[in-house]
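Q: I have a model open and want to go through it. Can you pull up the sequence and structure?

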Number of protein chains: 2
Amino acid sequence: MPDPVPLPDEIALLWGRRESARRGPKAMLSVDEIVRAAVTVADADGLAAVSMAKVAAELGKSTMALYRHVRSKDELLMLMGDAALADPPDLSGMDWRTGLTTWALSILATLHEHGWFAQLPVNGPPIGPNNLAWFDSALGALTDTPLAELQKVGIVQNLITFVHGEMRLGRDLQRSYDRDPDRFGPDYGRALAELIDPVRFPALSRVVSSGAFSGPEMIGQDLEEDFRFGLELYLDGVEAFMRRS
Amino acid sequence: MPDPVPLPDEIALLWGRRESARRGPKAMLSVDEIVRAAVTVADADGLAAVSMAKVAAELGKSTMALYRHVRSKDELLMLMGDAALADPPDLSGMDWRTGLTTWALSILATLHEHGWFAQLPVNGPPIGPNNLAWFDSALGALTDTPLAELQKVGIVQNLITFVHGEMRLGRDLQRSYDRDPDRFGPDYGRALAELIDPVRFPALSRVVSSGAFSGPEMIGQDLEEDFRFGLELYLDGVEAFMRRS
DNA sequence: CCTTCACTGCGTATGTCGTACGCTAGTGAG
DNA sequence: CTCACTAGCGTACGACATACGCAGTGAAGG
């Protein structure tokens, strides 16, 4: 029998394998409960509202009690990042393209319920069980293609990159729109139009005067449509690449 | 003569058009200086180290002096976001594909010098002069193509989405690698390999056992190469779309 | 059974943060 | 000259993360 897994303890925590205590009083708190409470707070009031005090209050415990189960707030945020990802969709039976499309839209939908996800600090490669499950799911969609394993990884990783960009821009824009729709109103657009000097910004000016920017059409469903458009373009590229191979 | 631009004052600030005072002592501080100092602090010690106190200390002034020029820290962060973007590259004379590739790599290079950019909160559509200059630059690369203006916007916006994803994942990974290379070392990989159950993660397991994940090859130049690969795929898709039109 | 002591939960304290408020002193319009 | 207005700043407050140490609990070892 080999050594019993010298897991870096951060990973052990992520996978629920931190050794539990053998002595002392029964724990009234668990890491799972804490993470769930933190997610609840974040869903309700945003990531900025997640403080150790608020999370503890949500559980009816004192602030410092959390530190027995979680080494720091950063660690809690890391756990939240994995917990936000529910199970990936079942892609079996789909061709690779339908599979990846379904996958991308699913992860966006999942993260739409946890709008704070995009604001989590990235402190290392995603390594939690749910994260890996999603990664596996996307790779699985490419199983029956003639690509080399390394190429599959590259293609999926770029897809993830694209999705993260969408989260950062699209979702955050959506949130700021909900908070203050005036920023997207006609007053704003008109004020902006005066700033866009046709000499300094020729191409942009052409777009604006063509009427493409007159209203809040960069928001809401148009945003998802835009994402689908980009996704299609990317997958067209992947398809061409596969034919070339 | 029409009304003299009722600019939302946040935008006025961004464009350096906040009306200056007519009475009172000469200002010893300017918005520009403050933003420059904040960027200096962020470049040196990261975005988390940017506090009003530190920025003021950098300028040899007291904390509260900053608030005469900047309404809040959020406003300062917004200004930093625009200031981080230097001038876009000159793409004239390039075909659209070379132009967009140059553009994407340039913006990544620019933001590499300001690694904190990806962590700035997104509070609205990018609207600062430098931001618009980059947007205009990318649109300009598509001038001589047969696309409709709205399609150009969509293509550029998706490219921006992709670049933002790269910033979030790639650059932050790079940073965390620099801080703690052990997290990418062989110990880590071996520990991870034990967690990847072939039944639960079939596709991922296949990749790992094919040796694609043995080392820190997702980092550094391989990361940029990966980005280029994804960019090529996307642009292939754009090219096909243009032929179809 | 009793002792031991690792462990949980929590109260207190420290240092940092953003920023509201009001003061002082300098300035230019009247 | 006057004085409304302004820049910079000192103080204060509430929120935050978290180090530290204490008190009580209950399984392990005798």
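A: Among contacts in chain A (heavy atoms within 4.5 Å) between residues at least 6 apart in sequence, 72% join residues at least 24 apart.

Q: Before I go on, what am I looking at, and how is it numbered?

A: This is a predicted model, where local features need pLDDT of at least 70, side-chain atom pairs count only at pLDDT 80 or more, and totals for chains, interfaces and linings use all residues. Residues are numbered from 1 along each chain as its sequence is written, chains are lettered from A and ligands numbered from 1 in the order in which they are written, and side-chain values use heavy atoms, with hydrogens and water left out.

Q: How many helices and strands in chain A?

A: Chain A has 10 helices and zero strands, counted as DSSP runs (H or I of at least four residues for helices, E of at least two for strands, numbered from the N terminus).

Q: OK, DNA now. Which residues come nearest to strand C?

A: A:Met28, A:Arg68, A:His69, B:Met52 and B:Lys73, out of 28 residues around DNA strand C; near means a heavy atom within 4 Å.

Q: What does A:His69 do with a phosphate oxygen there?

A: A polar side-chain atom of A:His69 sits 2.6 Å from a phosphate oxygen of strand C. For A:Met28, a backbone N or O atom is 2.4 Å from a phosphate oxygen of the strand.

Q: And B:Ser51, how far is its side chain from a phosphate oxygen?

A: A side-chain N or O atom of B:Ser51 is 3.5 Å from a phosphate oxygen of strand C.

Terms used
Polar contact = N/O pair within 3.5 Å; in protein donor to acceptor, adjacent residues only side chain to side chain.
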